[in-house]
Amino acid sequence: MNIFLWILQVLLAAMFAMSGLEKATQPEDKLIGKYPWMGDVPLAAVRLIAVPELLGALGLILPAATGIAPILTPIAATGLAILTGCAAVMHLRRTEISGLAVTAVLFLMNVVVAWARFGPYGW
């Protein structure tokens, strides 16, 4: 189970790191072309969303890998679950079913990591 959780953590960290880096560095027109919802959100808000994504990606790996404050790993997973839950609500309001499917999978993966690392498979 520990190996399975590490695989989930690495996958989630990679997904959120890529998403956060893209939102933090790409020009607005390129982002809107890929994600239509970004046309309705100020660029500053998109850049702000990148911060918890990047911090969450780091939090899923570094505390557990280094053994320094490993409690931060399930906290990061919980924070990312909240973030993806908010994204799911936005996709529902915009009737973006394709965006909702990916968001739901990420939400469930984060919930599994948070539950397991807070509970029976914590450090």
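1. Let me start with a residue you may like to click on: threonine 103. Setting aside neighbours within four places in sequence, threonine 103 is in contact with Thr84, Ala87, Ala88 and His91. Its place in the chain is helix H5. Is threonine 103 buried or exposed? With a relative accessible area of 8%, threonine 103 is buried, because buried means under 20%. Please keep in mind throughout that this is a predicted model.

2. Now for the overall fold. The chain has 5 helices and 0 strands, and read along the sequence its pattern is α-α-α-α-α. The radius of gyration is 15 Å, close to the 14 Å that the globule rule gives for 123 residues, so the chain is as compact as a globular protein of that length. Measuring tools in your viewer should be set against these spans: along its principal axes, the C-alpha trace covers about 45 × 25 × 20 Å.

3. What share of the contacts between residues at least 6 apart in sequence joins residues at least 24 apart? The figure for this chain is 63%.

4. On burial and surface, 34% of the 123 residues count as buried. The chain exposes about 6,900 Å², and carbon and sulfur atoms supply 76% of that area.

5. The inside deserves a look too. The largest nonpolar core has 13 residues, and those touching the most other members are Leu12, Phe16, Leu60, Ala77 and Val113. Which helices each supply at least two residues of this core? They are helix H1 (2–25), helix H3 (43–66), helix H4 (72–93) and H5.

6. Phenylalanine 16 is one of the core residues just named, and you can follow its surroundings in the model. Not counting residues up to four places away in sequence, phenylalanine 16 touches Glu53, Ala57, Leu80, Thr84, Leu106 and Asn110. Thr84 also appears in the list for threonine 103, which is in contact with Thr84 as well as with Ala87, Ala88 and His91.

7. Finally, turn to the surface. Met1, Phe4, Val112, Trp115 and Tyr121 form a nonpolar patch there, and together they have about 500 Å² of accessible area. One of these residues, valine 112, lies in helix H5, which covers residues 97–118. Why does valine 112 count as partly exposed? Its relative accessibility is 31%, and partly exposed runs between the 20% cut-off for buried and the 50% cut-off for exposed. Helix H5 therefore holds both valine 112, partly exposed at 31%, and threonine 103, buried at 8%.

Definitions and conventions: Residues are numbered from 1 along each chain as its sequence is written. This is a predicted model: local features need pLDDT of at least 70, side-chain atom pairs count only at pLDDT 80 or more; totals for chains, interfaces and linings use all residues. Side-chain values use heavy atoms; hydrogens and water are left out. Patches are made of residues with over 30% relative accessible area and no salt bridge: like charges are joined within 9 Å, nonpolar side chains (Val, Leu, Ile, Met, Phe, Trp, Tyr) within 5 Å. Accessible areas come from the Shrake-Rupley method with a 1.4 Å probe; for residues, only the protein chains shown count as cover. A salt bridge is a side-chain nitrogen of Lys or Arg within 4 Å of a carboxyl oxygen of Asp or Glu. Helices (H or I, at least four residues) and strands (E, at least two) are DSSP runs, numbered from the N terminus. Buried means under 20% relative accessible area, exposed over 50%, partly exposed in between (1.4 Å probe, protein chains only). The radius of gyration is taken over C-alpha atoms; the globule rule is 2.2 Å times the number of residues to the power 0.38. Contact means heavy atoms within 4.5 Å. A nonpolar core is a set of buried Ala, Val, Leu, Ile, Met, Phe, Trp, Tyr and Cys residues joined through side-chain atoms within 4.5 Å.
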